[in-house]
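User: Please take a close look at one buried charged side chain in this model and at its surroundings. Please also describe the enclosed and open spaces found elsewhere in the structure.

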Amino acid sequence: MVKETIRVYARVKPVGRRQQAGSYSVDNEEHLPSLEITVPRDLADGFINNKQESYKFKFQKIFDQEAKQDVIFDSIAKPVAECVLSGYNGTIFAYGQTGSGKTFTITGGAERYSDRGIIPRTLSYIFDQLQKDSSKVYTTHVSYLEIYNECGYDLLDPRHEASRMEDLPKVTIMEDSDQNIHLKNLSLLQATNEEEALNLLFLGDTNRMIAETPTNQASSRSHCIFTIYISSKEPGSATIRRSKLHLVDLAGSERVAKTGIGGHLLTEAKYINLSLHYLEQVIIALAEKNRSHIPYRNSMMTSVLRDSLGGNCMTTMIATLAMDKRNIDESISTCRFAQRVALIKNEAVLNEEIDPRLMIVQLKKEIRDLKDELALVTGKQRMSELSQEELLQLDELIQTFLKDRDPDSSLDVGADMRKIKYCFVHMKQIINHPMTSGKKLFSQDISEEKKHNEELEKLKGLLQQRDNEINILVTMLKKEKNKARDALSQLNAAYADLTILKQSPSMSLEESQSPSRYFSLEEAKVFSSSIPRSPFLSRATGEKLSLGCQEAFEVFKQDHADSITIENNKQLLKQRFDEAKCLGEKLNEVRNKINHLKGKIIQRQIQRAALAVSNRSEELGFDLVEENLRMQIEEEKKSYKRVYSCFKGLKVEIEHLQLLMEKLKMKVQKDFEVWWSAEAKKIQVQQEKPEMVTSPNTATVYPQFIRSLQHLSPISFSDFNRDSSYEDPAVKNNSITFGNPTSKIRTPPSSSTSIPLTGDSQADADILAFIKARQNILQKKGLGNK
């Protein structure tokens, strides 16, 4: 058992260019480093001001703004990972306000390989140590839990991409009689190597809830707990060591009055602050002496981390601080919280248990040995049941004993409990049935009882078989019912689409044969509802984007802030591939050279053997040439190992760069989803304004936008002019006129271009959304007035 307090570290986030740095100092000369924060006097509070100006806090270690990610891992996470490999539970969690660098410390950045956080570095260290230790058999599993608005979700659930969050099964907490916490609906996936574990981490980070706030462009809106489970066992031993490591990224606290957020972000902030408030209540209760009740059950996060806070765990906390003047009060609150956490004592115990399967094997072996010893003493091999001959002998002994009139006679059956029990049962049967022969009655009862038991076992087996068949049939019926329901819904949808196509009188033959030419309103609704969780360019339904939407995405991707990072990563990845190719060629060259040297040694040995046969009288001495060849082989082997280690490091870096590029691409896709849906909603709102709408069948736009659309989109306006020949004369005079959105002045009919619409409200909305999106793209690139 290891008793120690929670270790608390502090990390200061670098101050941005536009931020004004606060006044603080770090003193590393004392036994425990101290951080002193100075709050300047505010003249608005008056001449007499008794507010405290200087605050001093002590930590295990303080990492200033220049601290690198590898230093953070070596000082904080590496000791905890070593304890976990030894069989102790461990927890590392980051605490601080929003935007102070918690996610960067725990998970890492997505731009450079050196920005890897604690989680990927810990995975790499653990699997490296497992490969080096061959004395034990290790098994590793991974889980990723997200707590969003006090509801738990499994980030490794494959249904995240195809379902909305509210449709996913929630992770619930269950507690056994020993007050151990079990999480229902949380998947536990096995990871056999570092690559599989990093892929699971990347999958969970992709499904995590993030949003843009005034203080952080990519703010985490949920608490996330990444857990590594390790079990180890020595070959032939019945003892198993089980340990787990929680790596916790808490959502940041924020003051709503300062950030000014509202709507859905405000609801998220309320849940975040409430859960952090319950965490602080647990910390205060644990720090107090003689406290009988600890409120773990107030929130889901404190329930999951019950062992980490005052239990069987070695816990470490990282306080992330933003030392700009605007956030100096929140940094002081974080330091105060860290001082309270440092008072909590944990009792970590080595987690060992007996493997029940090995225990059964050992007990069976012990029983077999005892039977052999008993047979050695008695001289007979004892079976589990009495044989027929032994039963007849016992019946004769019992009959002789009952017929003997001598009161001193005895029934001697030996030191065998099976025979003693049989005699007692037999005597009982004779006493209960005195009118019949004990022997016949007992043998008949024994045979009937055996028959009944056999029939009962057969019926039980048959009943279990029928139950299994019924369950399988019920499952198959449910699957077929769901398939039939899906097929019926698809037929209904297809029939509805066919009805709409037949009812549109002004749709041309070309449009009816290519329904995917435009982005329909129903597709826009499905697209907008799938924004938070599903990728945009690889939908589960397999539908294709319209040409306008694809063009808009290409322009948006070029103007995105992460495009430079993606290109840099591409160049770096190409460079690493070239380096890996060169190293592979060098490895092949060294291997061929080693084989060539080995061949020379074999030839030299054959020559010396032939020479020894021919000159029998002479003794051959030490061969200097062969020794030189062996030394060259050793040098080449050292070179091979050195190049192979470099090649292995390049492989890990290439895999990480590929994951980073995939993550950046998905971020660009999600940003485009949000932007495109916002533009579509703006067009729908403008369509509903009465002063903008005069008729439903034609639209009037600026000629410069017509020319820009002809230049950007493959759907030229000659297509629209061709479609105008199918226009209904009854509605020819109806039109929708759009003015310049910046000046809100209508254009005269002589200077505008008329676009005939299809008569279908969904197709009309797509055309207008397409024109509006092109207009916004041109204005963004500064081409709106050219």
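Analyst: A polar contact is a pair of N or O atoms within 3.5 Å; within protein, one of them must be able to donate a hydrogen and the other to accept it. In this predicted model, the backbone oxygen of Gly96 lies 3.4 Å from a polar atom of the Lys102 side chain. Lys102 belongs to helix α2, which covers residues 102–106.

Lys102 is buried, yet it has no salt bridge. The nearest side chain of opposite charge is that of Asp249, 5.7 Å away. Because a salt bridge requires a side-chain nitrogen of Lys or Arg within 4 Å of a carboxyl oxygen of Asp or Glu, this pair does not qualify. Asp249 is nevertheless among the residues that Lys102 touches. Leaving aside residues up to four places away in sequence, the contacts of Lys102 also include Ala94, Tyr95, Gly96 and Gln97, together with Leu250, Ala251, Gly252 and Thr320.

Turning to the spaces, a search of the whole structure finds five cavities of 30 Å³ or more. The second largest cavity has a volume of about 180 Å³. Its lining comprises 14 residues, of which Leu201, Asp205, His656, Leu660 and Lys663 are the closest to its centre. Helices α4 (194–207) and α17 (624–688) are the elements that give two or more residues to that lining.

The second largest pocket holds about 1100 Å³ of space. It is lined by 36 residues, and Ile181, His182, Tyr229, Arg242 and Lys244 lie nearest its centre. Strands β8, β11, β15, β16 and β19 each give two or more residues to this lining, with the largest share, seven residues, coming from β15.

Key:
Residues numbered from 1 in each chain as written. Predicted model: local features only at pLDDT ≥ 70, side-chain atom pairs only at ≥ 80, totals over all residues. Heavy atoms only, no water. Helix = DSSP H or I, 4+ residues; strand = E, 2+ residues; numbered from the N terminus. Buried < 20%, exposed > 50% of the residue type's maximum accessible area, 1.4 Å probe, protein only. Lys, Arg positive; Asp, Glu negative; His and termini not counted. Contact = heavy atoms within 4.5 Å. 1 Å grid on protein atoms, 1.4 Å probe; cavity = no way out; pocket = protein on both sides within 12 Å on 5 of 7 lines; lining within 4 Å. Points joined across faces, edges and corners; volume = space filled by probe spheres on them.
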